[in-house]
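Hi,

Here is the structure I promised to pass on. Have a look at it first, and then read on for what turned up in it.

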Amino acid sequence: MENKIKEYREKSGFSQGQLAELCHVSRQTINAIENNKYDPSLQLAFDIAKTLAVPMEQLFIPKNGGKRNG
């Protein structure tokens, strides 16, 4: 899964540390998610989307463009 967290975080004026604090995770977690090295739990994904005031479907993009195989 890819995401646009960094883009929306910067538009909102948050640092990684500030977003992490608001979502109750470490800055390293936000960094790993932004760099597509870690997929967040569903709860954390909702928390990030809510904090950034962005719909989940705009923030997270499936790598295959949302198409299902089979």
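A quick definition before the details: a salt bridge here is a side-chain nitrogen of Lys or Arg within 4 Å of a carboxyl oxygen of Asp or Glu. By that rule the structure holds 2 salt bridges. Bear in mind that this is a predicted model.

Let's take the salt bridges one by one. In one of them, the side chains of Glu7 and Lys11 meet at 3.4 Å, N to O. Both residues sit in helix 1 (residues 5-12), and because they are 4 residues apart there, about one helical turn separates them. As for the surroundings, Glu7 is partly exposed, at 36% relative accessible area, while Lys11 counts as exposed because its relative accessibility is 62%, above the 50% cut-off.

The other salt bridge joins the side chains of Arg9 and Glu34, with 2.5 Å from N to O. Arg9 belongs to helix 1 and Glu34 to helix 3 (residues 27-34), so this pair ties together parts that are 25 residues apart in sequence. Are these two residues buried or exposed? Both Arg9 and Glu34 are buried.

Glu34 turns up again where helices pack. Helix 2 (residues 16-23) and helix 3 have axes 8 Å apart and pack at an angle of about 110°, which means that helix 2 is roughly perpendicular to helix 3. On the helix 2 side, the contact is made by Gln16, Gly17, Leu19 and Ala20; on the helix 3 side, by Arg27, Ile30, Asn31 and Glu34.

Next, have a look at Asn36, which you'll find in the loop between helix 3 and helix 4 (42-52). Asn36 is partly exposed, at 35% relative accessibility. Which residues does Asn36 touch, leaving out those up to four places away in sequence? They are Met1, Glu2 and Asn3. With Asn3 there is also a polar contact of 3.2 Å between the side chains. As for Met1, its C-alpha is 7.3 Å from that of Asn36, although the two residues are 35 apart in sequence.

Finally, a word on the annotation. An unreviewed UniProt entry lists residues 5-59 as "domain: HTH cro/C1-type". In the model, the chain over residues 5-59 is 71% helix and 0% strand, and the C-alpha atoms at the two ends of that stretch are 6 Å apart.

Cheers

Key:
Residues are numbered from 1 along each chain as its sequence is written. This is a predicted model: local features need pLDDT of at least 70, side-chain atom pairs count only at pLDDT 80 or more; totals for chains, interfaces and linings use all residues. Side-chain values use heavy atoms; hydrogens and water are left out. UniProt positions are given in the numbering used here, feature names are shortened, and annotations may be inferred rather than shown by experiment. Buried means under 20% relative accessible area, exposed over 50%, partly exposed in between (1.4 Å probe, protein chains only). Contact means heavy atoms within 4.5 Å. A polar contact is a pair of N or O atoms within 3.5 Å; within protein, one must be able to donate a hydrogen and the other to accept it, and residues adjacent in sequence count only if both atoms are side-chain atoms. Axes are lines fitted to C-alpha atoms, for helices over the stretch in contact, and angles run from 0 to 180 degrees between N-to-C directions. Angles under 35 degrees count as roughly parallel, over 145 as roughly antiparallel, 65 to 115 as roughly perpendicular and the rest as oblique.
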